[in-house]
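Q: Please take a close look at the inside of this protein for me. I'd like to follow the packing residue by residue, then hear how it sits within the rest of the chain.

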Amino acid sequence: VGEVGPAGLGGGGARGVLTYMADPVAAALSRLNQTVEELGALAETYASSEAWPQAIASLISPLAAPATAAAAASALSYLSEPAGVAENSHNIIREAGGIPPLVALLAGGAESVAAEDAAGALFNVAATSANKEAIREAGGIPPLVALLAGGVESGAAENAAAALWNMVIGCDVNSDAIREAGAIPQLVALLAGGVESKTAENAAGVLCNMASGNTATCDAIREAGAIPQLVALLAVGTESGAAENAVGALANLAIDCDVNRDAIREAGGIPSLVALLAGGAASGVAETAADTLKEMEHFDAVLSAVASAHADTAAFEDLHAALVNAATARLEAAEAGTDVAALERAIEQAAAVAVAAA
């Protein structure tokens, strides 16, 4: 499937109070204990001003001071998030030398507020190609991977997974570096957070993008036990970001890989994928599920699941055509034989995709 990207950070306001911002935005940006919405409004209001680059840059040196590091990292994160101003702010942060000190803060570990906020800032900054490279060159990947060990309840792990998700989009070099840093087993462990966990959703997003066109990574993801966990995330349905990322990961894992296709089937993936078809052709998640089912080529199992769920596949033309062809062939073979049970099964499967018996 195409690459998918993470949504913006949620939660409360930036931490602390900073008072060393450049005029004429000093007064507005000195109260950084405001809510996320207020910080976003400040960014949208002042990002086009001549003072904005200096204001953003003035938050870089406080990253090195323990007393102000968390507040500065948090402010950089939220002030660079709003649509329409983000890319400019991301570039300013890089050009002002902000990436190395943000990376340095990650060393505080999963219990560190500054590390959590730095990971959140790097998540936003990593949205641009130049910054993905800059974060990698600053040594950011290993400490981001280390933060994943904080587990599904950790804000640092949630932000680190989101940062790695942005880092891997459109960048095979980063994908390889993340795999080599040992991220895959830790990302798979985070999937256990389940459908309500933002950390699990982010981890599935990383795995989805890492699995795109990379055989070594696909093998590593399967060997780490990801497939049953990804299948479990499908249960929440088409409106879930976790399900969207999980079905994308399964789609990428299934491409040209019989071992992964078999593993998805054995994990109960086919009925779960068929259930997602209820979202209809307007649902991107349902479309990806249909593409995955066709790619897997386990049409006997798919036909049985479609019949059992009374699923309508007509809206998914490629899958439906493949199932009609498979059902027709099975029906013709059964009609020519003497196995009554096989014939009854073939008739049931054919009826599920509107193929009539002779």
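A: Here is a walk through the core, followed by a few spots elsewhere in the chain. Keep in mind that this is a predicted model.

Let's set the scene. The protein chain has 22 helices and 0 strands. Of its 358 residues, 53% are buried. Among contacts with a separation of 6 or more, 69% link residues 24 or more positions apart. On the outside, the chain exposes about 14,400 Å², and carbon and sulfur atoms supply 51% of that area.

Now for the core itself. In soluble globular proteins, nonpolar side chains tend to be buried together. Here the largest nonpolar core holds 108 residues, and Leu 102 and Leu 230 are the members that touch the most others. Helix H10 (residues 155-168) gives this core its largest share, at 9 residues.

Let's zoom in on Leu 102. If you skip its neighbours within four places in sequence, Leu 102 is in contact with Leu 63, Ala 73, Leu 76, Ile 93, Ala 118, Ala 121 and Leu 122. Two of those partners, Ala 73 and Leu 76, are among the buried residues of helix H4. H4 covers residues 69-79, and 11 of its 11 residues are buried. The buried set in H4 includes Ala 69, Ala 70, Ala 71, Ala 72 and Ala 75, along with Ser 74, Ser 77 and Tyr 78.

Another partner worth a stop is Ala 118, which belongs to helix H7 (residues 113-125). Ala 118 has a relative accessible area of 0%, so it counts as buried. Leaving out neighbours within four places, Ala 118 is in contact with Ala 73, Leu 102, Leu 105 and Leu 106. So what ties this little group together? Ala 73 is in contact with Leu 102, and Ala 73 is in contact with Ala 118 as well. From Ala 118 to Leu 105 is 13 residues in sequence and 6.3 Å in space, C-alpha to C-alpha.

Back to H10, the helix with the largest share of the core. Two packed helices are described by the angle between their axes and the distance between the axes. For H10 and helix H11 (residues 172-180), the axes come within 8 Å and cross at roughly 140°. That makes H10 and H11 oblique to each other, since only angles over 145 degrees count as roughly antiparallel. H10 brings Leu 164, Met 167 and Val 168 to the contact, while H11 brings Asn 174, Ser 175 and Ile 178. By type, the residues of this contact are 4 nonpolar, 2 polar and no charged.

For contrast, here are some spots with more accessible area. Asp 256 sits in the loop between helix H16 (241-254) and helix H17 (258-266). Asp 256 isn't a glycine, yet its phi is positive, at about 55°. Its relative accessible area is 69%, so Asp 256 is exposed. His 310, in the loop between helix H20 (299-309) and helix H21 (317-336), is another non-glycine with a positive phi, about 50°. His 310 is exposed too, at 73% relative accessibility.

Finally, there's Ile 347 in helix H22 (residues 340-352). With a relative accessible area of 39%, Ile 347 is partly exposed. Ile 347 and Ala 334 lie 13 residues apart in sequence, with 8.8 Å between their C-alpha atoms.

Definitions and conventions: Residues numbered from 1 in each chain as written. Predicted model: local features only at pLDDT ≥ 70, side-chain atom pairs only at ≥ 80, totals over all residues. Heavy atoms only, no water. Core = buried A, V, L, I, M, F, W, Y, C linked by side-chain atoms within 4.5 Å. Buried < 20%, exposed > 50% of the residue type's maximum accessible area, 1.4 Å probe, protein only. Helix = DSSP H or I, 4+ residues; strand = E, 2+ residues; numbered from the N terminus. Contact = heavy atoms within 4.5 Å. Axes fitted to C-alpha atoms, helices over the stretch in contact; angles between N-to-C directions. Parallel < 35°, antiparallel > 145°, perpendicular 65-115°, else oblique. Nonpolar A, V, L, I, M, F, W, Y, C, P; charged D, E, K, R; others polar. Areas by Shrake-Rupley, 256 points an atom, 1.4 Å probe, with all protein chains shown as cover.
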